[in-house]
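Colleague: Before I take these labels back to the bench, please tell me what earns each of them. I would like the value set beside the rule every time.

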Amino acid sequence: MKARPLPLKTLPLALAGLLLLGHTAATGLLAGTTAAPAADKKPLSAGLLNDALRLQNPAFDAWDIGGQFRFRYELKDDAGVVASQDFLSRGVDNDNDVFLFREKLHIGWQPESWLKLFMEGRGAQAESDDRDPSPEQDVWDLHQAYLHFGDPKLFPLTLKLGRQEMTYGDQRFVGIGDWSNTGRSFDAAVLRYSFSSTSWIDAFTSRVVIPRDDYFNESNEYDQFSGLYASAQSLWTGVETQAFFLARNVSGKSPNAIAPGIGGPTERDVYTYGVRLKSLPDKFGPWDFAFEGAGQFGDIVTAGVERDLQSFALTGTVGYTLRDVWAKPRIALGYDYASGDSNGSDGDHETFEPLFGTNHSFYGVMDLVGLRNLSSPRISFSVKPAKGLALSVDYLLFWLADTSDSFYPESGSARSSNGYGKNPQYSSFVGSELDIVAKYAFNSATEFQLGYGHFFPGDYIKSSVGNVPTNGGATGGDWLYVQAVFNF
């Protein structure tokens with residue numbers, strides 16, 4: 001039986017309660033720590049609960065105890081629920097308002113500098129979600145449980161073994177997907193060799209964990225993800241330089257690995273190589289930049305036919321901050337490109353495979369577009385008018401890299417019904433998106449966010465959707481969210 005949605009009028013009360021709880025708890029804990037004699041003070045950098053416990057008893061210095069409570073309300077109108085029904089002005093219900101709750105509790109123990117044990121549980125609940133079952137629900141499961149061996153100050157080689165989060169670079173290709181209510185983790189072994197505190201190389205092998213409500217989460221044994229990832233800050237002064245080689249090897253049993261219809265993608269061997277350059281803070285005055293490029297080769301089986309993979313992606317952002325002006329305004333220009341398939345009937349597959357990236361906000365906060373068959377410039381503007389307050393406005397435009405390929409959503413299969421599909425006869429201009437986000441940190445533990453996005457359909461969507469009379473033409477999509485987070 002589906003749970004009854006919370007009345008909308010309770011939203012302000014729920015938010016106020018959570019924020020008051022976080023603010024009160026943080027203030028109380030911080031007050032408790034500042035009351036200690038100056039000689040006993042320690043940096044408040046390990047979390048509110050850890051700081052309080054460690055000031056009470058030095059025995060807690062070896063322990064890491066804490067967690068997070070997160071609440072989010074999302075309203076989606078005419079887009080973002082069922083991808084192939086996006087932007088239809090009539091005929092289908094593609095609206096959804098959902099209350100999302102997430103709890104994380106962790107405990108870690110580090111008796112020696114070279115040995116750490118860590119475990120984290122995660123609960124994810126969704127109320128009023130029109131999707132059944134909700135992909136955002138997984139009531140309490142094991143999110144992380146790993147052993148970390150080694151201390152790079154004593155010996156350059158370290159090993160992290162067990163269920164863990166993995167992030168590299170800006171998380172475009174490997175990330176934790178934290179915007180999702182369930183997030184992402186891997187059953188993995190990560191071996192790191194540290195040349196210095198800022199230069200290292202990782203070798204890892206892993207299997208992604210599949211969230212499944214009412215069952216203990218398992219990793220997909222038929223979806224193996226491995227790689228080499230190196231980073232250095234000494235090759236180019238002021239720049240973090242990274243290079244990587246990633247391999248995703250998936251067998252034909254992957255789609256039903258956990259249960260019928262629950263698993264991963266179809267059979268494929270995807271090899272991704274690339275580089276990333278990102279400016280370090282304050283090394284280029286008011287300027288900042290980030291560039292990343294990746295190429296892919298291998299093979300992918302689609303509809304029982306093996307096709308050679310040949311694809312690539314390029315991303316870049318350049319920003320300028322007026323640091324001597326009130327609110328420190330920053331303006332930035334960015335561009336994201338991912339190849340599409342020019343001919344779906346030949347022996348080549350040219351659509352870029354996004355692997356395990358954290359897509360939210362890179363390609364619009366409405367999460368309607370991903371890094372596949374995409375050409376997208378953007379302009380961004382942000383200010384910090386008060387302590388803890390940040391406001392940002394982004395405007396993005398979207399074209400298909402190749403009109404012979406599909407219009408892909410943020411994740412999942414291509415849009416392929418209600419007029420969507422491979423429509424090379426239409427314009428490549430998909431549309432544009434305006435995003436407005438406000439974030440306010442009450443203190444180091446509590447943050448509040450409010451965001452709104454609107455998608456303006458372009459000629460490609462208007463032609464695709466308008467080709468089906470029952471759709472009634474194309475309409476724009478709207479998205480609104482309110483989020484509160486308390487870390488302890």
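**Labels and the rules behind them**

Modeller: Let's begin with strand E17 (residues 429-441) and strand E18 (residues 446-457), which are antiparallel and share 11 bridges. This is a predicted model, in which local features need pLDDT of at least 70 and side-chain atom pairs count only at pLDDT 80 or more, while totals for chains, interfaces and linings use all residues. Residues are numbered from 1 along each chain as its sequence is written, and side-chain values use heavy atoms, without hydrogens or water.

Colleague: What makes E17 and E18 a pair of strands?

Modeller: A strand is a DSSP run of E, at least two residues, numbered from the N terminus. Two strands pair if DSSP finds at least two bridges between them. With 11 bridges, E17 and E18 meet that rule, so they are called paired. One of the bridges sets Ala-438 opposite Leu-450 in E18. The two strands also form a hairpin, with four residues between them.

Colleague: Which other strands pair with E17 and with E18?

Modeller: Strand E16 (residues 389-399) runs antiparallel to E17, joined by 11 bridges. On the other pairing, E18 and strand E19 (residues 477-487) are antiparallel over 10 bridges. You can follow single residues across: Phe-398 stands opposite Gly-431 in E17, and Gly-431 has Pro-457 as its bridge partner in E18. Between E18 and E19, Phe-448 is bridged to Ala-484.

Colleague: Why does Thr-358 count as buried?

Modeller: Buried means under 20% relative accessible area, exposed over 50%, and partly exposed in between (1.4 Å probe, protein chains only). Thr-358 has 14% relative accessibility, so it counts as buried. It sits in the loop between strand E14 (348-349) and strand E15 (374-386).

Colleague: What makes the approach of Gly-177 to Thr-358 a polar contact?

Modeller: A polar contact is a pair of N or O atoms within 3.5 Å; within protein, one must be able to donate a hydrogen and the other to accept it, and residues adjacent in sequence count only if both atoms are side-chain atoms. The backbone nitrogen of Gly-177 is 3.0 Å from a polar atom of the Thr-358 side chain. Using contact in the plain sense (heavy atoms within 4.5 Å), and leaving aside neighbours within four places in sequence, Thr-358 touches residues including Gln-171, Ile-176, Gly-177 and Arg-184.

Colleague: Leu-355 is in the loop between E14 and E15 too. Why is Leu-355 called buried, and what is notable about its phi?

Modeller: Leu-355 is at 14% relative accessibility, so it is buried. Its phi is positive, about 60 degrees, although Leu-355 is not a glycine.

Colleague: Lys-328 has a positive phi as well, near 45 degrees. Is Lys-328 buried, exposed or partly exposed?

Modeller: Lys-328 has 47% relative accessibility, so it counts as partly exposed. Its place is the loop between strand E12 (305-321) and strand E13 (330-338).

Colleague: Why does Ser-194 count as buried?

Modeller: The relative accessible area of Ser-194 is 16%, so it is buried. Ser-194 belongs to strand E6 (residues 186-196). Apart from neighbours within four places in sequence, it contacts Pro-152, Pro-156, Ser-199 and Trp-200.

Colleague: How many cavities are there, and how do you know where empty space is left?

Modeller: Rolling a probe the size of a water molecule over the atoms shows where empty space is left. A cavity is a set of points, on a 1 Å grid over the protein atoms alone, where a 1.4 Å probe fits but cannot get out; lining residues have an atom within 4 Å of a point. By this rule there are three cavities of 30 Å³ or more. The largest has about 50 Å³ of space, where volume is the space filled by probe spheres set on the grid points, which are joined across faces, edges and corners. Its lining includes Arg-122, His-143, Arg-184 and Asn-217.

Key: On a 1 Å grid over the protein atoms alone, a cavity is a set of points where a 1.4 Å probe fits but cannot get out, and a pocket is an open set with protein on both sides within 12 Å along at least five of seven lines; lining residues have an atom within 4 Å of a point.
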